[in-house]
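Please open the structure in your viewer and keep the selection tool at hand, since this tour goes from one selection to the next.

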Amino acid sequence: MGVLSLDAPRTLTARAAPAAILPGPPTLLWSLDTEQDGRVLRNPLLRVRRGARVDVRLDNQLDEETTIHWHGLRVDERNDGSGLHPVRPRTSNEYAFTVTNPCATYWYHPHPHYRTGYQVHKGMGGMLLVEEETEDELRRALGLEFGVNEMPLMIQDKQLDGKNQFKYSFGEDDWIGNRMLVNGTPEPRWTAQRRLTRLRLLNASNARPYRIAFMAGERLIPYWLIGTDGGWLEGPLRVTESYLAPAQRLDVLIDLGALDAGTRVRMVSLAFDAMENDGQPVTELHLEHPGAAPIGQQLELMAIDLEGPARRRPDLPTRLNHIVRARDGKPDRVFRLHIDNGRWLINGRNHHDDMDRARFEVRRGSREIWELQNDTQSMPHPMHLHAFSFQVLARERSPRHITRIAHAPGGLTAQDLGWLDTVLVWPGERVRIALDFAQPFHGPQMYMFHCHNLEHEDQGLMLNFRVIDADTPESHLATDGSGHPSTH
Ligand code: C2O
Ligand code: CU
Ligand code: CU
């Protein structure tokens, strides 16, 4: 994968070129490439310090529009790389911004209207780590060395045809994969030292959620969740499983020093009820995901073989972060996620009905509570907000497999206790989130709120909203019946 530090201006070239993924013919891989020391890095892992200036030129060598969206980063509209600002074929665009996000695992991927799922499935995108002082300290205290006992793991499922090419046909469900790739590698195996190990997980799959667990034989190995999409938890939380929806990240510690040499630890996705109840006829093309491993089926993601002498685990810090919890209350806006005649809708509208317009406006600096209501006859939707992290306040009417792993009042899971930019809303569920629209920019900024099942996004389960200056008169705030403008 290659690591690229964003400490100087860089160019990423969008292009398609063969890659050796499986034995046999090479796979045509679309990627964002750069050169470093005479080597081509494809979809490099980007590392950047908090507070640093990022200066990246996207050079689009593809025959179609693309963008780079900095998923999770607090950027202004111009730098957000959403479908509102496509970069035409054979042209380039400069992304320049200051990184203000806390240290955590983020990522970058293309985001052109209608084509995000396709381009990501073809391979484009990679991880982005924001790092800072407090993290250097944690690494020292826990003896973590990046690339040795700290590993970034980008998880994806793909279908490949008999000629080793990624299969993606519109209208079919072959974006649900039958092969698991971790950092682009099928059936990954890692020989690890027997010591405390940090894994930085990203689900970069188009549409498949995972239920992440670690097993030795039939035994579940507990692990600690220390961070989520947008930063660290207050302190490490011990869990045995955690859902990881498309676009979400988990920062995890696992004590491999407590296990015998020769042990094989497997990172798996445990079986779960996929709840695909969207009321569409169950034809062969639908829900069955032809050729794919059904969603919710148990999957092997990676094998970790342990070797060498065991190192005793250092004490984990009890406090990692200070999170001022927002208070639950009456929602300022309600978003119903539903399907009608095979069309995904938010409050009765599809993004393709009003692609260039803002559905509503929020004042910069205001705080709001949003309630996301998923219909019962629906699918799980990982709902993602651009440019802001949020807190989960409460889950109601959750399915059993979520209430079972509740960790805190309000039906919150361990993952819900961290900063998220993507929250999985199960069929029938109501999830309230708290948002703070403070940002250092001026003037109107249009962003998106959408399902990160990329095929749902491309099919318009998405809306635009605009952040406007705090002193804009109330009457200018448009609403669409999704609630009233905030008066906080
Ligand atoms: Cu990761 Cu709007 O997307
Ligand atoms: Cu995003
Ligand atoms: Cu969805």
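**A tour of the predicted model**

In this predicted model, begin by selecting Leu32, Ile68, Trp70, Leu73, Phe97, Tyr108 and Leu128, which touch the most other members of the largest nonpolar core, a set of 43 residues. If you then colour the elements that give two or more residues to this core, you will be colouring strands, among them E2 (10–19), E3 (27–36), E6 (53–60) and E10 (126–131).

Stay with Ile68 and show what surrounds it: leaving out residues up to four places away in sequence, Ile68 touches Leu12, Leu32, Val56, Leu58, Asp80, Gly81, Tyr95, Tyr108 and His109. Apart from this core lies another one, of 34 residues, and to find it you can select Ile155, Met180, Ile212 and Leu259, which are among its members.

Next, select the copper ion, ligand 2, together with His69 and His384, whose NE2 atoms coordinate the copper ion at 1.9 Å. Because His69 lies in strand E7 (residues 69–71) and His384 in strand E28 (residues 381–385), the pair ties together parts that are 315 residues apart in sequence. Are these two histidines, His69 and His384, buried or exposed? Both His69 and His384 are buried.

Now move to an open sheet of five strands, which follow the order E25-E24-E27-E33-E29 with mixed pairing. At its edges are strand E25 (343–346) and strand E29 (390–396), each of which pairs on one side only. Within this sheet, neighbouring strands are turned by 20 degrees against each other on average, direction ignored. Select strand E27 (residues 367–374) and strand E33 (residues 430–436), which run antiparallel and are joined by seven bridges, and look for Ile369, which stands opposite Ala434 in E33.

On the same two strands, show the side chains of Glu371 and Arg432, which meet in a salt bridge at 2.8 Å, N to O. Glu371 lies in strand E27 and Arg432 in strand E33, so this pair ties together parts that are 61 residues apart in sequence. Add Glu396, which also forms a salt bridge with Arg432, the closest N and O atoms being 2.9 Å apart. Glu396 counts as partly exposed because its relative accessible area is 32%, whereas Arg432, at 9%, counts as buried.

For a last stop, turn to the salt bridges of the whole structure, which number 42. Select Arg47, Glu131, Glu135, Arg139, Glu150, Arg198, Arg200 and Asp251 together, and you will have a network of residues linked by salt bridges.

Technical notes:
Residues are numbered from 1 along each chain as its sequence is written. Chains are lettered from A and ligands numbered from 1 in the order in which they are written. This is a predicted model: local features need pLDDT of at least 70, side-chain atom pairs count only at pLDDT 80 or more; totals for chains, interfaces and linings use all residues. Side-chain values use heavy atoms; hydrogens and water are left out. A nonpolar core is a set of buried Ala, Val, Leu, Ile, Met, Phe, Trp, Tyr and Cys residues joined through side-chain atoms within 4.5 Å. Buried means under 20% relative accessible area, exposed over 50%, partly exposed in between (1.4 Å probe, protein chains only). Helices (H or I, at least four residues) and strands (E, at least two) are DSSP runs, numbered from the N terminus. Contact means heavy atoms within 4.5 Å. Two strands pair if DSSP finds at least two bridges between them. Axes are lines fitted to C-alpha atoms, for helices over the stretch in contact, and angles run from 0 to 180 degrees between N-to-C directions. Donors are N, O and S atoms within 2.8 Å of the metal (3.2 Å for Na, K and Ca); water is not among the atoms, so sites may look incomplete. A salt bridge is a side-chain nitrogen of Lys or Arg within 4 Å of a carboxyl oxygen of Asp or Glu.
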